[in-house]
Amino acid sequence: MTTSTKTEKRHFRADRLAASLGYGSRQEVSLEIRRGALSVGGKKITDPSQKIAANECRACSWYGEALDPLPPLTALLHKPSGYVCTHTDEDEPRIPSVFDLLPPRWRFRNPRMAIAGRLDADTTGLVILSDDGDFVHRLTSPKSRDNTGKTYLVTLADPLKGGEKALFESGTLFLNGERTPLLPAEMEVIDEQTIRLTLFEGRYHQVKRMFAATGNRVTALHREKVGPFTLEGMATEGAWRVF
Ligand code: URA
């Protein structure tokens, strides 16, 4: 039996299903279901314990809107500057989070939406969110054959000195305080202060620290690509789409 056939054969209690998709706590969604929030094929379900088959979920609606997809759910987002890549909590001082740009219930899905390679708050560009842990791992693990790199457009404060490309591509650069050298990166010079850099690992503030190691400073950083994924069709900051 294929995985998709197995998935289609699964059944979910209506309240567990809605809660796992982030529509509310079990108690909250039970109340909403009793009030008629959930329909299957246009027919209201008012018993929260009613079983729904996985293949019926595509025909479900929540207050008239299509119910969110079951896992696996993957989304691509064009991150603007000023947003952090964490699930900031309602109680924390409000630092805008990339989750503020997506349907609010996605913060509460179970399994959780993880980010395949976080960006700093001041970095713009492609962020991939997914509740499929294997997919995220395949895309980001330096050991994975599917990790075809993350590509950044880098703007520098000062002109290049000349040795940066050889250094970054050598696999011998140690960042401050680290015990293993960086994996070889790929660097394309666009002009003396603009670079396209592809990394095959994701260390903390890696691009900024690489240029800091050469005595330079990154003034703008934009991620163009993660593996095979790009910002195609998402030119505007804040745009997102389900993959
Ligand atoms: N490297 C950085 O320094 N910052 C990012 O946001 C991503 C890679």
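Tutor: Before we begin, a word on names: helices (H or I, at least four residues) and strands (E, at least two) are DSSP runs, and their numbers start from the N terminus. Keep in mind too that this is a predicted model.

Student: Thanks! How many helices and strands are there in the protein chain?
Tutor: The chain has 243 residues, and 44% of them count as buried. Its C-alpha trace spans about 70 × 45 × 35 Å along the principal axes. Counting the elements in the protein chain gives 6 helices and 15 strands.

Student: How far apart do the C-alpha centres of domain 1 and domain 3 lie?
Tutor: Let's first place the domains on the chain: domain 1 is 3–66, domain 2 is 74–141 + 231–242, and domain 3 is 150–226. Now take the C-alpha centres of domain 1 and domain 3: the distance between them is 47 Å.

Student: Which domains does the largest pocket lie between?
Tutor: Let's start with the pocket itself, which holds about 390 Å³ of space. Its lining has 21 residues, and those nearest its centre are Arg118, Leu119, Asp120, Arg203 and His205. Two domains both give residues to this lining, so the pocket lies between domain 2 and domain 3.

Student: Which element gives the largest share of the lining of the largest pocket?
Tutor: Strand E10 (150–156), H6 and strand E13 (218–226) each supply at least two residues of that lining. With 3 residues, the largest share comes from H6.

Student: How many charged residues are in the lining of the largest pocket?
Tutor: Sort the lining by class, and you find 8 nonpolar and 6 polar residues. The class that is left is the charged one, and its count is 7.

Student: His205 came up at the pocket. Is His205 buried, partly exposed or exposed?
Tutor: His205 is found in the loop between strand E12 (194–199) and H6. It has a positive phi of about 45°, although it is not a glycine. Its relative accessible area is 30%, and buried means under 20% while exposed means over 50%. That value falls in between, so His205 is partly exposed.

Student: Now the rings. How are the rings of Tyr23 and Trp62 arranged: stacked, tilted or edge-to-face?
Tutor: The model has 6 aromatic pairs. In the pair of Tyr23 and Trp62, the ring centres are 5.0 Å apart and the planes meet at 45°, so the pair is tilted.

Student: How many residues apart in sequence are the parts that Tyr23 and Trp62 tie together?
Tutor: Tyr23 lies in the loop between helix H2 (14–20) and helix H3 (26–34), whereas Trp62 is in strand E5 (residues 60–62). Tyr23 is buried, at 17% relative accessibility, and Trp62 is buried too, at 10%. The pair ties together parts whose separation in sequence is 39 residues.

Student: And what kind of pair do Phe168 and Phe211 make?
Tutor: Their ring centres are 5.0 Å apart and their planes stand at 90°. Planes over 60 degrees apart count as edge-to-face, so Phe168 and Phe211 are edge-to-face.

Student: Which helices hold Phe168 and Phe211?
Tutor: Both residues are buried. The pair ties together parts that are 43 residues apart in sequence. Phe168 lies in one helix (residues 164–170) and Phe211 in another (residues 206–212), and these are H5 and H6.

Student: Which residue forms one aromatic cluster with Tyr23 and Trp62?
Tutor: The residue we want lies in the loop between E5 and E6. It has a positive phi of about 50° although it is not a glycine, and it is partly exposed, with a relative accessible area of 47%. The residue that forms one aromatic cluster with Tyr23 and Trp62 is Tyr63.

Student: Where is the peptide bond cis with omega near 5°?
Tutor: Most peptide bonds are trans. One cis bond runs from Pro71 to Pro72, with omega near 0°, and Pro72 is in the loop between strand E6 (65–66) and strand E7 (74–79). The bond you asked about leads to a proline in the loop between E7 and strand E8 (114–115). It is the bond from Asn110 to Pro111.

Student: Last one: what is the relative accessible area of Ile33?
Tutor: Ile33 is found in helix H3. Beyond residues up to four places away in sequence, it touches several others, including Leu38, Ile45 and Trp62. Ile33 is buried, and its relative accessible area is 0%.

Key: Residues numbered from 1 in each chain as written. Predicted model: local features only at pLDDT ≥ 70, side-chain atom pairs only at ≥ 80, totals over all residues. Heavy atoms only, no water. Phe/Tyr/Trp six-rings, centres within 6.5 Å; stacked < 30°, edge-to-face > 60°. Buried < 20%, exposed > 50% of the residue type's maximum accessible area, 1.4 Å probe, protein only. 1 Å grid on protein atoms, 1.4 Å probe; cavity = no way out; pocket = protein on both sides within 12 Å on 5 of 7 lines; lining within 4 Å. Points joined across faces, edges and corners; volume = space filled by probe spheres on them. Nonpolar A, V, L, I, M, F, W, Y, C, P; charged D, E, K, R; others polar. Domains from an automatic or database assignment. Contact = heavy atoms within 4.5 Å.
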